[in-house]
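Reader: I am in my first year and am learning to read protein models. Could you take a close look at one part of this structure, a sheet and what lies against it, and then lead me on from there through other parts?

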Amino acid sequence: MSLPVCSGGSAGRAPMETGEGRPGVAATLRALNGALGRPAALWVKENGARNLRHRDFLAPRAALNAAFPGGQVPADVMAGVTSLGGSGVLAVRGCQETPAGLAVQVRRPEAFRRLLAPPPGPAPAAGLQAGWVVLHCPALRGPAAALRPRHLRTVLLADHLAQLLRAQGVGVRLVPALAEEGSREVLRQLRVDWPSGSGGSALPDTVSALKRALGRSPCAAACEQGPGAAALPEDVICKVHLKSFVEQQGLVGYDPNLDVLLVTEGKLRSLAELQQAVLQCAAGGQGSCCSIVHVVSCEEEFRQQQLDLLWRILDPGAHTALQKHLVCGPVKVTNPSSPIGADQYFQLRKHQMYEASVMKYGELAQDEAWTEVIDTLTVAAIRFEMLSTAHRSQITLDLEDSSISTKGTKSGAFVMYNCARLATLFDTYQRAVERGTYPALPPVSELNFSCLREEGEWLLLFNYLLPFPEVLQQAAELPTPTKGIRITANTETVCKFLIQLSMDFSSYYNRVHVLGEPFPHLFDQMFARLQLLGAVRDVFHSALATLHLPPLSQI
């Protein structure tokens, strides 16, 4: 469930049937469960190379024992599984009882053909937005010099989440607008696409409207100072009793220590910016409300809960009731000589990336192209360092860690390196075609995917090309919490997917010679492999785009 938004045995050469549909994991699992005639989800998709040698899907023995008398699947049910097919469903080659359970293997050449062929007909035209989400990152309200790695984590997460949501057709507004040049420069270095400006000409009017609402609120009271009390800041307007409001409204999930909030002009301005973003969403034709997600560090969570409640008090509309908090765990920095800022962190990682690249490739030419490569590798390293861990968990940054190098298989640099290897492969092939060494790649309908028999080829298709659309969809989901205001998102999914893809692609590419000797009897296999790796390259590019990382043509 997602946050509410106001207004979704074949021959390898056979041609693609009309309406066949791109196969998917979820659709195939639904069809397999339907074939067993049981509402429960009995089947699992295999992922490991060892099991994929024998089967692609498995209904485990324990599940069969619970579903059928003695665990024996009737013959007519087995026949139904074997004859499975249809739009979005992988066709089954065979089904057999094994000690592990009911094992299914799909028609692999047909699966290659259906996934590697271009979709029939023109791409569907973009329709209306599938809803709106306001992503609010309070860390960007302070000066650039105050940005720390813990703030950077929330900014990079919000930026990535915005790209994932847009890819699913969801409209996104990012708040706050950046008013300071220093903040814009730090984010520019990190390829963060964030709006800038002063908040708009209507902002003062919105602040005034919030002040009037404050004057009418029964939760607000004048700030009366007793004798000997410390002087209040000059910009304090009044105080608001949050605790009593939480109790009256029966709200859950808020910190029990929330009590009295001193309301300032700055706090009202923050709410006014959010209010403006909500109005802009409404102007987009999607109704009167949208989802609001505050992306905060655990250190900022208390303050944002205060503002959340203040907004609910001053504007009891549907949109303020849809506020949710996506909280990031702490970022622990080891061995800092002093508190390190976001810009220092970037420059340090950039220096380390340069040194690691010199060790790997020798002294680098000081030209614009290599500077761009080092900058991109640095951004990739930082984004993967910040985003490949579940957002609720702590991150530990070792500022002297050599894993920033291009060798570490868990690093963003490793992902970019493998993406560049694909670019080099296709560049080499294209130059060989121009020299007449190889023929040009034939149309997909003429390719023989029965030639793809390497274990690594099926692994790339079945574990990466097949589930990739669903991976993006799951990464963009913002599930509604059962209670409270915190939400959990799978923001680490894309980074982990890219790291695992890079490892399996690297293993395959190191083992298999794609561009072999220019003998005609080897061309069928070479063409099929190039078609497969072209699709892998497209997956790399699409996934990296959600991280604002351009693919590199060389490293």
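Author: This is a predicted model, and the sheet to begin with is an open one in which 3 strands follow the order β7-β8-β9, with antiparallel pairing. The edges are taken by β7, residues 220-221, and β9, residues 260-264; each has a single partner strand, so one side of each is left without a neighbour in the sheet. In general terms, strands of a sheet are held as pairs through backbone hydrogen bonds, in either a parallel or an antiparallel manner. Here, β7 pairs with strand β8, residues 236-241, in the antiparallel sense over 2 bridges. One residue of this pairing can be followed directly: A220 has V240 of β8 as its bridge partner. A helix also belongs to the picture, for α9, residues 242-249, packs on the sheet and touches β8 and β9. The direction of α9 makes about 40° with that of β8.

A second sheet may be set beside this one. It is an open sheet of 4 strands in the order β6-β5-β10-β11, and its pairing is parallel. Its edge strands are β6 and β11, the latter covering residues 323-328, and each of them pairs on one side only. With direction ignored, neighbouring strands in this sheet are turned by 25° against each other on average. Within the sheet, strand β5 (residues 132-136) and strand β10 (residues 291-297) run parallel and are joined by 4 bridges. Again a particular pair can be located, since L135 stands opposite V293 in β10. Helix α6, residues 149-167, lies across β5, β6, β10 and β11 and runs at about 150° to β10.

The strand β6 leads to a detail of the backbone. Residues 171-175 form β6, and P176 lies in the loop between this strand and α7, residues 181-189. The peptide bond that joins V175 and P176 is cis, with omega at about 5°. As background, most peptide bonds are trans, and most residues other than glycine have a negative phi. The second half of that statement also has exceptions here. R191, although not a glycine, has a positive phi of about 60°. R191 is found in the loop between α7 and α8, the latter being residues 203-216, and its relative accessibility of 24% makes it partly exposed. H548 is likewise not a glycine and has a positive phi of about 55°. It belongs to the segment after α19, residues 520-545, and H548 counts as buried at 18% relative accessibility. A glycine with a positive phi can be found as well: G436, just after α15, takes a value of about 90°.

Helix α15 itself deserves attention. It has 24 residues, 412-435, and reaches 35 Å from its first C-alpha to its last, which is close to the 34 Å expected at 1.5 Å a residue. Helices may also be considered as partners. The axes of α17, residues 468-475, and α18, residues 493-511, come within 9 Å and cross at roughly 150°. That makes α17 roughly antiparallel to α18. On the side of α17, the contact is made by F468, V471, L472 and A475, and on the side of α18 by T493, V494 and F497. For the general background, an α-helix has 3.6 residues a turn, so residues three or four places apart point the same way.

A single leucine gives another view of contacts across the chain. L115 is found in helix α5, residues 108-116, and counts as buried at 12% relative accessibility. Leaving aside residues up to four places away in sequence, L115 touches R22, P23, L461, L465 and L466. The C-alpha atoms of L115 and G21 are separated by 9.4 Å, while these residues lie 94 residues apart along the chain.

Finally, the cysteines may be examined. In general, a disulfide is a covalent bond between the sulfur atoms of two cysteines. How many disulfides does the structure hold? The structure holds 0. C137 illustrates the point: the closest cysteine sulfur to its own is in C328, at 8.2 Å, and this is too far for a bond. C137 is buried, with a relative accessible area of 0%. C451 also counts as buried, at 12% relative accessibility.

Notes:
Residues are numbered from 1 along each chain as its sequence is written. This is a predicted model: local features need pLDDT of at least 70, side-chain atom pairs count only at pLDDT 80 or more; totals for chains, interfaces and linings use all residues. Side-chain values use heavy atoms; hydrogens and water are left out. Two strands pair if DSSP finds at least two bridges between them. Contact means heavy atoms within 4.5 Å. Axes are lines fitted to C-alpha atoms, for helices over the stretch in contact, and angles run from 0 to 180 degrees between N-to-C directions. The expected span of a helix is 1.5 Å times one less than its number of residues. A disulfide is a pair of cysteine sulfur atoms within 2.5 Å. Buried means under 20% relative accessible area, exposed over 50%, partly exposed in between (1.4 Å probe, protein chains only). Angles under 35 degrees count as roughly parallel, over 145 as roughly antiparallel, 65 to 115 as roughly perpendicular and the rest as oblique.
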